[in-house]
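Thanks for asking me to look this one over. My comments follow as numbered points, with the model open beside them.

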Amino acid sequence: MTQDNHGPRPVTIIANTRSHPWTAKDISFEQVVELAYPSQPVTGEDTFTVRYSRGHDGHGSGSLTAGHSVRVKKGMIFDVYRTSRS
């Protein structure tokens with residue numbers, strides 16, 4: 001009996017204390033921000049800082065910047081901070 005392969009199985013990652021299933025090998029800065037702040041409009045006054053931990057060997061923790069991505073690992077944690085200029 002053969003097993004249908006419908007793509008990679010999702011792993012659970014955490015963005016701002018909330019669990020999310022993720023099927024892609026990588027996640028971008030912009031995707032992490034969307035997970036952390038779903039459906040919230042981003043303005044030119046907003047700045048985001050993304051830090052991660054529990055990543056792959058050699059890249060276990062670090063920062064993610066706009067336009068970049070990082071390889072995802074089960075149980076990886078992302079902390080996203082939003083700062084607005086007043």
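**Notes on the model**

1. Let me start with Phe 48: at 13% relative accessibility, Phe 48 counts as buried, since the cut-off for that class is under 20%. Please keep in mind throughout that this is a predicted model. The ring partner of Phe 48 is Tyr 37, with the ring centres 5.6 Å apart and the planes at 55 degrees, so the pair is tilted. Tyr 37 sits in the loop between α1 (29-36) and β4 (46-53), while Phe 48 belongs to strand β4, and the two are eleven residues apart. Tyr 37 is buried as well, at a relative accessible area of 18%.

2. How many aromatic pairs does the structure hold? There are two. Besides the pair just described, Tyr 52 and Phe 78 form a tilted one, measuring 6.2 Å from centre to centre with 50 degrees between the planes. Tyr 52 lies in strand β4 and Phe 78 in strand β7 (residues 77-84), so this pair ties together parts that are 26 residues apart in sequence. Tyr 52 is buried at a relative accessible area of 10%, and Phe 78 is buried with a value of 0%.

3. Arg 82 deserves a look of its own. Its charged end sits over the ring of Tyr 37, 5.4 Å from the ring centre. The side chain of Arg 82 also meets that of Asp 46 in a salt bridge, at 2.8 Å from N to O. This contact links strand β4, which holds Asp 46, with strand β7, which holds Arg 82, across 36 residues of sequence. Is each partner buried or partly exposed? Asp 46 counts as buried at 13% relative accessibility, whereas Arg 82 is partly exposed, with a relative accessible area of 25%. A search of the whole structure finds one salt bridge. As a general point, side chains of opposite charge can pair when their charged atoms come close.

4. Now the overall layout. The protein has one helix and seven strands, and along the sequence they follow the pattern β-β-β-α-β-β-β-β. Of its 86 residues, 29% count as buried. Among contacts with a separation of 6 or more, 56% are between residues 24 or more positions apart.

5. The largest nonpolar core has 19 residues, and those touching the most other members are Ile 13, Ile 27, Val 32, Val 50, Val 70, Phe 78 and Val 80. At least two residues of this core come from each of β1, α1, β4 and β7. Which element supplies the largest share? That is α1, with five residues. In soluble globular proteins, nonpolar side chains tend to be buried together.

6. Ile 27 is a good place to inspect that core. Setting aside neighbours within four places in sequence, its contacts include Ile 13, Val 32, Val 70 and Phe 78. Trp 22, Leu 35, Leu 64 and Val 72 are also among the residues that Ile 27 contacts, as are His 68 and Ser 69.

7. Asp 26 is in strand β3 (residues 26-28). At 38% relative accessibility it counts as partly exposed. Asp 26 and Arg 71 are 45 residues apart in sequence, yet their C-alpha atoms are 4.2 Å apart in space. Not counting residues up to four places away, Asp 26 touches Gln 31, Ser 69, Val 70, Arg 71 and Val 72.

8. His 20 has its place in strand β2 (residues 18-22) and is buried, with a relative accessible area of 15%. A polar atom of its side chain lies 3.4 Å from the backbone oxygen of Arg 18. Beyond four places in sequence, His 20 touches Val 11, Thr 12, Ile 13, Ala 15 and Leu 35.

9. Last comes Ile 14, in strand β1 (residues 11-15). Ile 14 is partly exposed, at a relative accessible area of 23%. Apart from neighbours within four places in sequence, it is in contact with Ser 19, Met 76, Ile 77 and Phe 78. The C-alpha atoms of Ile 14 and Val 32 are separated by 9.5 Å, and the two residues are 18 apart along the chain.

Note on methods:
Residues numbered from 1 in each chain as written. Predicted model: local features only at pLDDT ≥ 70, side-chain atom pairs only at ≥ 80, totals over all residues. Heavy atoms only, no water. Helix = DSSP H or I, 4+ residues; strand = E, 2+ residues; numbered from the N terminus. Buried < 20%, exposed > 50% of the residue type's maximum accessible area, 1.4 Å probe, protein only. Contact = heavy atoms within 4.5 Å. Phe/Tyr/Trp six-rings, centres within 6.5 Å; stacked < 30°, edge-to-face > 60°. Lys NZ or Arg CZ within 6 Å of the ring centre and 35° of its normal. Core = buried A, V, L, I, M, F, W, Y, C linked by side-chain atoms within 4.5 Å. Salt bridge = Lys/Arg side-chain N within 4 Å of Asp/Glu carboxyl O. Polar contact = N/O pair within 3.5 Å; in protein donor to acceptor, adjacent residues only side chain to side chain.
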